[in-house]
Amino acid sequence: MEDQKRVEVSVFQKPKKGNYYCGDSYFYLETNHTFICALADGLGSGEFAKESSQLVVETIKKYYKEPIKQILRRCNEQLLGKRGVVLGILQMDFESDEYYYTSIGKISLITVTEDSIKTRNIPQAGYLTGYERPYKIVRNKLKSGMTFVLFSDGVTSEDISSMPIVGEDMESITNSFAELYTGDLEDDTTIIAMKVT
């Protein structure tokens, strides 16, 4: 019998107007003891942006068991000679009840507790392009009922702030964005809503 999932996930993604390819790529996976979610946005847009972001995601799929620091190093190695990416990685450890998060460039994370305490993790400036660069890893307590919203720079802070998040199921959150972004978009847009159940 399959273990019940601890994290409810819903995703909304749409490419920039005029593009077939979305330059954003994402990956999430839950195991018995951990959960990881990554969102990579290739610089620019279109096919070459997609190539770089997909390369990073494939690297994370392969090494998802490693600490974030090591994953970042491996992603950087893959980007030599490629278009750069901005990247956010969220890891949850169900045994220690902690989560870890890092963001380089304009990938943002908002966390909301069950009692409506909202925190926005400010991304570190820059991008990954094959060369070592400084970064920080946020470490915090993981609580049941917490909601995490990870999003690329096609989403504005105002849009996120105006959305109901507490008490919502994750599909309702992404459906709200789908309704908001029915027209042409000025940038590739990805929103990943996650809730610890």
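The exercises below work through the fold of a predicted model, each with a stepwise solution.

**Exercise 1. Overall makeup**

Task: State how many helices and strands the protein chain has, and give their pattern along the sequence.

Solution:
- Step 1. The chain holds four helices and ten strands.
- Step 2. From start to end of the sequence, these elements follow the pattern β-β-β-α-α-β-β-β-β-β-β-α-α-β.
- Step 3. Of the 197 residues in the protein chain, 46% are buried.
- Step 4. The protein chain exposes about 9900 Å², and 48% of this comes from carbon and sulfur atoms.
- Step 5. Take the contacts between residues at least 6 apart in sequence: 68% of them join residues at least 24 apart.

**Exercise 2. The sheet with strand 2 at an edge**

Task: Find the strand order of the open sheet that has strand 2 and strand 8 as its edge strands, and place helix 1 and helix 2 on the strands they lie across.

Solution:
- Step 1. The order of this five-stranded open sheet is 2-3-4-5-8, with antiparallel pairing.
- Step 2. Strand 2 (24-30) and strand 8 (138-141) each pair on one side only, as edge strands.
- Step 3. On average, neighbouring strands here are turned by 10° against each other, direction ignored.
- Step 4. Seven bridges join strand 2 and strand 3 in the antiparallel sense. Phe27 stands opposite Ala38 in strand 3.
- Step 5. Helix 1 lies across strand 2, strand 3 and strand 4, at about 15° to strand 2.
- Step 6. Helix 2 lies across strand 3, strand 4 and strand 5, at about 155° to strand 4.

**Exercise 3. The buried side of helix 2**

Task: List the buried residues of helix 2 (residues 68-78) and name elements that cover them.

Solution:
- Step 1. The buried residues are Ile68, Ile71, Leu72, Arg74, Cys75 and Asn76.
- Step 2. Their cover includes strand 3 (34-42), helix 1 (47-63), strand 4 (85-93) and strand 5 (98-104).
- Step 3. Arg74 is on the buried list. The charged end of Arg74 sits over the ring of Tyr63, 3.9 Å from the ring centre.

**Exercise 4. The sheet with strand 1 at an edge**

Task: Give the strand order of the open sheet that contains strand 10 and strand 9, and describe how helix 4 packs on the sheet.

Solution:
- Step 1. Five strands form this open sheet in the order 1-10-9-6-7, and the pairing is antiparallel.
- Step 2. Its edge strands, which pair on one side only, are strand 1 (7-14) and strand 7 (118-121).
- Step 3. Neighbouring strands are turned by 15° against each other on average, with direction ignored.
- Step 4. Strand 9 (residues 147-151) pairs with strand 10 (residues 189-196) over five bridges in the antiparallel sense. Within this pair, Phe148 stands opposite Met194 in strand 10.
- Step 5. Helix 4 (residues 170-180) touches strand 1, strand 9 and strand 10, and its direction makes about 10° with that of strand 1.

**Exercise 5. An aromatic pair**

Task: Classify the ring pair of Tyr99 and Phe148, and decide whether each residue is buried or exposed.

Solution:
- Step 1. The whole structure contains two aromatic pairs.
- Step 2. The ring centres of Tyr99 and Phe148 are 5.0 Å apart and the planes stand at 80°, so this pair is edge-to-face.
- Step 3. Because Tyr99 lies in strand 5 and Phe148 in strand 9, the pair ties together parts that are 49 residues apart in sequence.
- Step 4. The cut-off for buried is under 20% relative accessible area. Tyr99 has 3% and is therefore buried. Phe148 has 0% and is buried too.

How values were computed. Residues are numbered from 1 along each chain as its sequence is written. This is a predicted model: local features need pLDDT of at least 70, side-chain atom pairs count only at pLDDT 80 or more; totals for chains, interfaces and linings use all residues. Side-chain values use heavy atoms; hydrogens and water are left out. Two strands pair if DSSP finds at least two bridges between them. Helices (H or I, at least four residues) and strands (E, at least two) are DSSP runs, numbered from the N terminus. Axes are lines fitted to C-alpha atoms, for helices over the stretch in contact, and angles run from 0 to 180 degrees between N-to-C directions. Contact means heavy atoms within 4.5 Å. Buried means under 20% relative accessible area, exposed over 50%, partly exposed in between (1.4 Å probe, protein chains only). Accessible areas come from the Shrake-Rupley method with a 1.4 Å probe; for residues, only the protein chains shown count as cover. Rings of Phe, Tyr and Trp (its six-membered ring) pair if their centres lie within 6.5 Å; planes under 30 degrees apart count as stacked, over 60 as edge-to-face and the rest as tilted. A charge sits over a ring if NZ of Lys or CZ of Arg is within 6 Å of the ring centre and within 35 degrees of the ring normal.
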